[in-house]
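Here are a few short exercises on cysteines, each with a worked solution. Have a look at the structure first, then try each task before reading on.

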Amino acid sequence: MVMLCARRTRYALCAGWVLALMTRGVTLELFVSATSLGWSRKAVRWDTSAESADVIVRRLEELVGGRWISVHLDFTDAVVEWSADKEGSWVTIDSPGQGKVVRWSDLPGTLHAALSNTVAEAALDAELAPYSLPGESFDEAVGIFILQSPGHRMWQVQTLSIRSAWEMASLPPSRIHVLVHGLQDWRPHEWRKALGGAWDLFGGLHWCGGYNRYPVLNPRLMKHRMTDNYWNKVFVMVKLLTVRRYKYVVSLDDDVMLQPSTLAALVSSGPRADSVGCGVVVPLTQNGIPSAELWAEAWLDASAKQRLFSCFSGSSGSFCNHQCCRQGPGEKASVATAGPFEVPSPWDSHAWYKAVGEAMAIGQQHLHPVRGNQTCMSLALELGIELVPKVWMEWRSHDLLADWDRTFPHLCNNAFLMTAERYMQVVAHPGIDPRTDEVTMNRVLQEGEAPMCFLGKSFGIHPAWGTFGQDYKNEMEDFALNAIANHLRRTMVHTMAESGAAPARESGEARENRRASDRSMHVYLRTHL
C-alpha cells in the first residue's frame, strides 16, 4: 500500500488513514545535502526498530564532518509518502529547495520531530525504547511530566530535587517524561548529567511541536488547536498515561521549583490522597493560586506575613485583564474588565475568594493581588527567596490539607498530582475549554465531590506570573534560579567538607557512593548552574 500526501496537508491526520499498518518498525527516509562530499539530496534512512536517532546522527557526523548539514525538511511544502508491505513500513519526506542548515546537536531532535509529525505511534516507540527495561510494570507507578519550553533553565533545579529525593529513597515507582517543542531542548545527555544516579528514572524525551500527534483524543478541540504545542504536550501526556498505565500523573511546569522534600511528598501522595478523597494534590508556592496564603501561614513570621497581606489589602480590587487597574499621576484611566471587588482589610483570603468565585465564571476565578499587582508579586518572591537557605534542603513530613468547605474556587495548575483516570476525563471532556486544561480541570473539580488538597509545610518557588510581560517574568526567574543555585553550591561545598566524617553505621561502599554522588552534584552545580 502506498499513500501520498501533498503540500500543506495536515500530515498527522493524513497519516491516521494508514496508522494501523504503520505502528511499529517504521523506516524514516529524509534527504540531505553536504558540499564537502558532493552530496545533493542524498537519502538518509533511519530504521526506528533497529537503532536510535543518536546512533544515526553520530555515524553521519563522522562521515560528513563540520558543524552542520543541510536537511530538506519543511512541512509547509513537503511531500510525504507512506508505504507498507509485509516486509515493513516506510515514510519518505521530501521538500523542494535548498534545504535548511541543521546543527549536528539538533539533528536527533529533527529526526524525532519528522517522525512524530508523520507516524505518531512509531515516534512514541522510538522515544520510549532507549529507556525501557524488560518486564517493568507501571500499574501502580507515577508518571512525572515536565513541560519544557525553550530558554527555560529552572528544570535543572527541579531535576536536582528529584535526584535528592531518589538518593533519600523517598520516591515511589515512577518515571520522568520530558515534553519539548524546541530543538535546543532535545538534549537527553543534559538530563543524564543532571539526574546522575537517578538516571534510571528517566522515561523519555517526547516531541510536541508541529501537528498534534493524537487528535483522536478530543476531535472537537483539535478543530481549533491542531498545532498548539501546549495541547500537543497535554495529549502526549494522556497517551503515555494510557500506554504505560500509570496510576497517577504529576505535572510540573518548567517555571516551578520544588524543594526535595516537597517534590518527594507530591510524587508519593497518591495513595494518601485516594484515602482522603482528594481530587488533586497541590504543593504550596509563594504566589500560588489559591495557595499563597497557606504558604504564608506556613512559612512567614508575623512581620513578613503582615507586609505581604497589607500589600494584598492595599490593591485596587479592579482588574484590567489579569492586572490590577491603577491610575497614578499622568496615567490614563484604565477600563476595568473585572471588579471592583471589595478588598478585605485586614486581608481575609476566604472573603476574597468568595467574592471572586461568585462574580466570575469558571476560568476567570484566578484574580488575585499576588498575580495582578506587581509590587505584591515581587514582595512574595523576595520573602520566598529569603527562606531558601533555611528551608530548601530540610526534610519534613507533609500532611494533606483538604478544602472540604470549597473555600477556593480556582486552581492554577502549574504543579499538581492527580489520578490518571481523572486527568484523562479532563482532557476527553466534551465541553473542554480550548485555552488550557486548567479551565476544564477546575470545572471537573467544582462539579465533582473531591476537594483540592494541599501539601502541608511544603515549599516551592514560582518566580512570576506572565501578567507583566515576558521580560519581567524572565528577570524574576533568573533572580530566583541564581539564588537557589548559589545556595545549593554553598551547601554542597559544606557537605563535601564534612564527608570525611562518615557516620559509623555507614559501610565503606555506601560512604564512597555518597561521596561520588556529592562530587557529581557539586561538579554539575559548578559547571551548569
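**Exercise 1.** Why is the disulfide of cysteine 278 and cysteine 453 left-handed or right-handed?

*Solution.* Start with the ground rules. This is a predicted model, in which local features need pLDDT of at least 70 and side-chain atom pairs count only at pLDDT 80 or more, while totals for chains, interfaces and linings use all residues. Residues are numbered from 1 along each chain as its sequence is written, and side-chain values use heavy atoms, with hydrogens and water left out.

Step 1: check the bond. The sulfur atoms of cysteine 278 and cysteine 453 lie 2.0 Å apart and form a disulfide (a pair of cysteine sulfur atoms within 2.5 Å).

Step 2: read the torsion. About the S-S bond of cysteine 278 and cysteine 453 it is about -90°, so this disulfide is left-handed.

Step 3: place the two ends. Cysteine 278 sits in the loop between α10 (270-276) and β13 (280-282), and cysteine 453 in strand β18 (residues 452-455), so the pair ties together parts that are 175 residues apart in sequence. Helices (H or I, at least four residues) and strands (E, at least two) are DSSP runs, numbered from the N terminus.

Step 4: check burial. Buried means under 20% relative accessible area, exposed over 50%, and partly exposed in between (1.4 Å probe, protein chains only). Cysteine 278 has 7% relative accessibility and counts as buried; cysteine 453, at 0%, counts as buried too.

**Exercise 2.** Find which helices are linked by the disulfide of cysteine 311 and cysteine 376.

*Solution.* Step 1: the two sulfur atoms of cysteine 311 and cysteine 376 are 2.1 Å apart, and the residues form a disulfide.

Step 2: cysteine 311 belongs to helix α12 (residues 302-313) and cysteine 376 to helix α15 (residues 374-391), so the pair ties together parts that are 65 residues apart in sequence.

Step 3: the torsion about the S-S bond of cysteine 311 and cysteine 376 is -105°, a left-handed link. Both cysteine 311 and cysteine 376 are buried.

**Exercise 3.** Work out the handedness of the link between cysteine 320 and cysteine 325, then say how many disulfides the count comes to.

*Solution.* Step 1: cysteine 320 is joined to cysteine 325 by a disulfide, S to S 2.0 Å.

Step 2: with 120° about its S-S bond, the link of cysteine 320 and cysteine 325 is right-handed. Cysteine 320 and cysteine 325 are both buried.

Step 3: cysteine 324 is in no disulfide, as the nearest cysteine sulfur, that of cysteine 376, is 7.1 Å away. Cysteine 324 counts as buried, at 6% relative accessibility.

Step 4: the count comes to 3 disulfides.
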